[in-house]
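User: I would like a close look at one part of this model, beginning with a charge and a ring and then following the surroundings outward. Please take the time to connect the pieces.

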Amino acid sequence: MKHEAYETRISELLKQMTLEEKVGQLRQCGPSLAGAFGVSFEELLNMMFDGKISREEFERQMSTAEQDFHEEDLRAGRIGSYNGIGDAATANRLQKIAVEETRLGIPLLFGCDVIHGFRTVTPIPLAEACSFEPELWEKTARVAAREATAAGVHMTFAPMVDVAKDARWGRVCEGAGEDTMLASLYGAAKVRGFQNGNPGAKDSMAACVKHFAGYGAVEAGKDYNRVDMSMQRFYEEYLPPYEACVKAGALAVMPAFNDINGIPCSVNRWLLTDVLRDKWGFDGMTISDSNAIAECVIHGIAEDKADAAAQALAAGMDMDMASDCYHENLAALVESGVVKEEDLNRAVADVLRVKFELGLFDCPYRTDTAREQAELLKEEYRGIAREAACKSMVLLKNENVLPLQKEVRLGIVGGLADAPDEMVGAWAIGARGEDCVSILDACRSRNVPFSYTAGLKECNADGKAEVDREALTRVAEESDVLLLAIGEQKNQSGEAASRADITIAPEQLEMLSVLKESGKPVAVVLFNGRPLAMPGVAEAADAILEAWHPGVEAGNAVLDILFGEVNPSGKLVMTFPYAAGQCPVYYAHINTGRPGGRGKFTSKYLDTPLVPLYPFGYGLSYTTYEYSNLKVEQQEEAATVSVIVKNTGKTDGEETVQCYFRDVTAKRVRPVKQLIDFEKIALKAGEEREVRFVIPYDKLGYLDMEMNYIVEEGWFEVSVGGSSADCLTERFEL
Ligand code: GLC
């Protein structure tokens, strides 16, 4: 937000700055690895993915490569920010050059992807959202901010609040799933946690909400693909989470790679200026996604990098991440009059303002190696990571297998049970494998007797994994209960990780069927970054715990739940399809004129069940809950909904009571359900409680064909339950 003092200092600085120094403030560089085969980080990564170098060689190069920080440019005032500096010593060394060796001493801004923890990696956002606990989301963001700022980070490129309804998209792991309201609450909680109401504090970091906007709606779930939809749907379903983050005070916004109806976000003036600044009042800074400005040429909306630079600046893009379009072209564009200097000044002012908000001018060195060593991976933070992991896990099935008895002999199968570095999931760039606890590690530390096999022989000639039937049979014979750890490795989700086929790998299914032949109960633990199409697992397993990629405390949290020390309470925030062909599949769908059913001529697939495998909001517990007495009482401005929830089992637990609504008849057809409120309550065995929701009528509206927000008279439905697919429903009339 604007402070008189800052504005004065900003305009003073602008008067002193040369054209080149202004352009320099809009340039963010990443450490390029000139020493690694003389190629960039991205090229080195592709060499690994293309099999030209092994992962070990890649990591050796990464660790030994001479990182080139373009220090000559830095001294000349041609760099304003760096991405990916992950340690205090390097950050302070570069900051010293900026502050003491450049003409004006403007401090650097250090950005980094701290998406779900820095060194103490917490569950992926798609998992943590399943806790339905905004206080937890904020708490883990505080931990991330304390660690990251100790390592020299000033801004995180998070929260990612792209509403996502297509599990084929790899980046669903980074957000809060398919629901607009939940993503809005999640994002705002993260902004509060990162910035802590005082961005200038040394343990606060700027939130950079991303990817603005609608990236989660990429066609066919294919990353970087087009996004094209009605403005009504865009405003109703995709924009609100970004707005919630702006309203929560986010200091930065990152436009998305994709286009919106044909205009790439990076050069989309309607989005970056009319909506973000004029309509929402955002006065922070915008920073492009990596190389996104240059890619506008490839999109086919800019002639060349100079044209892309001119369009991006005019649209409202302040900082250029990694493409150097601004660095190479803006000065000449201003001198030639193509770009107005006032537009350049506005962008520079936005960046300087954030640096003032972060206190960097008065205190450019916010950390040191002593603080860094003291802060990272504190036991307190591990405890919070373990709590978050337990609350993120979702019990999908349990046929009297769980919780396990203390003296059980466990047969553990599957490489993911013994893969600590796979537990952190995508975008855990500060993670270290040695920090992570696998299921086997947790068993050892608890002296739980177990036998184990990865279950697969070495890959056979055609690279196919072959199930080791003897090993499986041996483990089964030695055990009372079998634990099968399957799902995805961390690089199977995240950026550039869309999958057209999201079924469980065949060898994992085969392991399950071999274990089932033993007659012993089989509990599946899923480690994955997206909903998977797994009807075979749902059918065959006796119990299924969705553990996601749960972070450094993975193994401990899994055993906390399996042995009943923690009663699972997670609820799915994204629908699980039967098959990839059902995607996108989501609960807040419209009814159509022929909702799927028995009749031939109804909306369905010939080869797949009508409903998804597991619905939004679903999650079991070791106890059971009963809902009764749903009532709706209408007042002048709102409806009060009440319901009785009873813990009808023998175990204390926590239940997320969900409240949905439906506008039954409207000028545009409306979803059959929309989450409008929820409350997570603790109930002791046998305890019952009344839960009440107050629903203001003005929250029940939608956009008509002229884009007017309207709340109409007529019938509405209210549904309350422990899952979107299992509710009590009442009607009321407005
Ligand atoms: C990546 C991602 C974005 C990330 C940025 C900086 O391409 O799209 O989410 O913040 O680069 O690393």
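Over the ring of which residue does the charged end of Lys 165 sit, and at what distance from its centre?

Analyst: In this predicted model, the charged end of Lys 165 is placed over the ring of Tyr 586, 4.7 Å from the centre of that ring. A further arrangement of this kind involves Lys 600, which lies over the face of Phe 601 at 5.6 Å from the ring centre.

From Tyr 586 the description can pass to Tyr 587, which lies in the loop between helix 23 (554-562) and strand 19 (625-634). Tyr 587 counts as buried, because its relative accessibility is 8%. The whole structure holds 20 aromatic pairs, and in one of them the rings of Tyr 587 and Tyr 660 have centres 5.4 Å apart and planes at 70°, so that this pair is classed as edge-to-face. Since Tyr 660 belongs to strand 21 whereas Tyr 587 lies in the loop, the pair ties together parts that are 73 residues apart in sequence. Tyr 660 is buried as well, with a relative accessible area of 1%. Both tyrosines belong to one aromatic cluster, together with Phe 132, Phe 616 and Phe 678.

Phe 132, a member of that cluster, lies in the loop between helix 7 (125-128) and helix 8 (134-150), and its relative accessibility of 2% is why Phe 132 counts as buried. The backbone of Phe 132 has a positive phi of about 50°, although the residue is not a glycine. Most residues other than glycine have a negative phi, and most peptide bonds are trans. Another exception in phi is Ala 322, where the angle is positive at about 75°; Ala 322 is found in the loop between strand 10 and helix 15 (325-335) and is partly exposed, with a relative accessible area of 41%.

Exceptions of the peptide-bond kind occur around strand 5. A cis peptide bond joins Lys 210 and His 211, with omega at about -10°, and His 211 lies in strand 5. Phe 212 and Ala 213 are likewise joined by a cis peptide bond, here with omega at about 5°, and Ala 213 is found in the loop between strand 5 and helix 10. Phe 212 also has Pro 255 as its bridge partner in strand 6, and strand 5 (residues 206-212) pairs with strand 6 (residues 252-255) in the parallel sense over 4 bridges.

These strands belong to an open sheet of 8 strands with parallel pairing, in the order 9-6-5-4-3-2-1-10. At its edges are strand 9 (285-286) and strand 10 (320-321), each of which pairs on one side only. Elsewhere in the order, strand 2 (residues 81-83) runs parallel to strand 3 and is joined to it by 3 bridges, with Phe 110 in strand 3 as the bridge partner of Tyr 82. Along strand 3 (residues 109-112), Leu 109 and Gly 111 point one way, Phe 110 and Cys 112 point the other way, and all are buried.

The ligand brings several of these places together. There are 13 residues around the ligand, of which Asp 113, Arg 171, Lys 210, His 211 and Asp 289 come nearest; Lys 210 and His 211 are the residues joined by the cis bond with omega at about -10°. A polar side-chain atom of Asp 113 lies 2.5 Å from an oxygen atom of the ligand, while for the side chain of Asn 83 an N or O atom is 3.4 Å from a ligand oxygen. The side chain of Glu 495 likewise has an N or O atom 3.1 Å from an oxygen atom of the ligand.

Glu 174 links several of these names. This residue lies in the loop between strand 4 (155-156) and helix 9 (180-195), and Glu 174 counts as buried because its relative accessibility is 2%. Leaving aside neighbours within four places in sequence, the contacts of Glu 174 include Lys 210, His 211 and Glu 495, as well as Pro 125 and Trp 427. With Trp 427, the side chain of Glu 174 forms a polar contact of 3.0 Å to the other side chain.

How values were computed: Residues are numbered from 1 along each chain as its sequence is written. This is a predicted model: local features need pLDDT of at least 70, side-chain atom pairs count only at pLDDT 80 or more; totals for chains, interfaces and linings use all residues. Side-chain values use heavy atoms; hydrogens and water are left out. Rings of Phe, Tyr and Trp (its six-membered ring) pair if their centres lie within 6.5 Å; planes under 30 degrees apart count as stacked, over 60 as edge-to-face and the rest as tilted. Helices (H or I, at least four residues) and strands (E, at least two) are DSSP runs, numbered from the N terminus. Buried means under 20% relative accessible area, exposed over 50%, partly exposed in between (1.4 Å probe, protein chains only). A charge sits over a ring if NZ of Lys or CZ of Arg is within 6 Å of the ring centre and within 35 degrees of the ring normal. Two strands pair if DSSP finds at least two bridges between them. A residue is near a molecule or strand if one of its heavy atoms lies within 4 Å of it. A polar contact is a pair of N or O atoms within 3.5 Å; within protein, one must be able to donate a hydrogen and the other to accept it, and residues adjacent in sequence count only if both atoms are side-chain atoms. Contact means heavy atoms within 4.5 Å.
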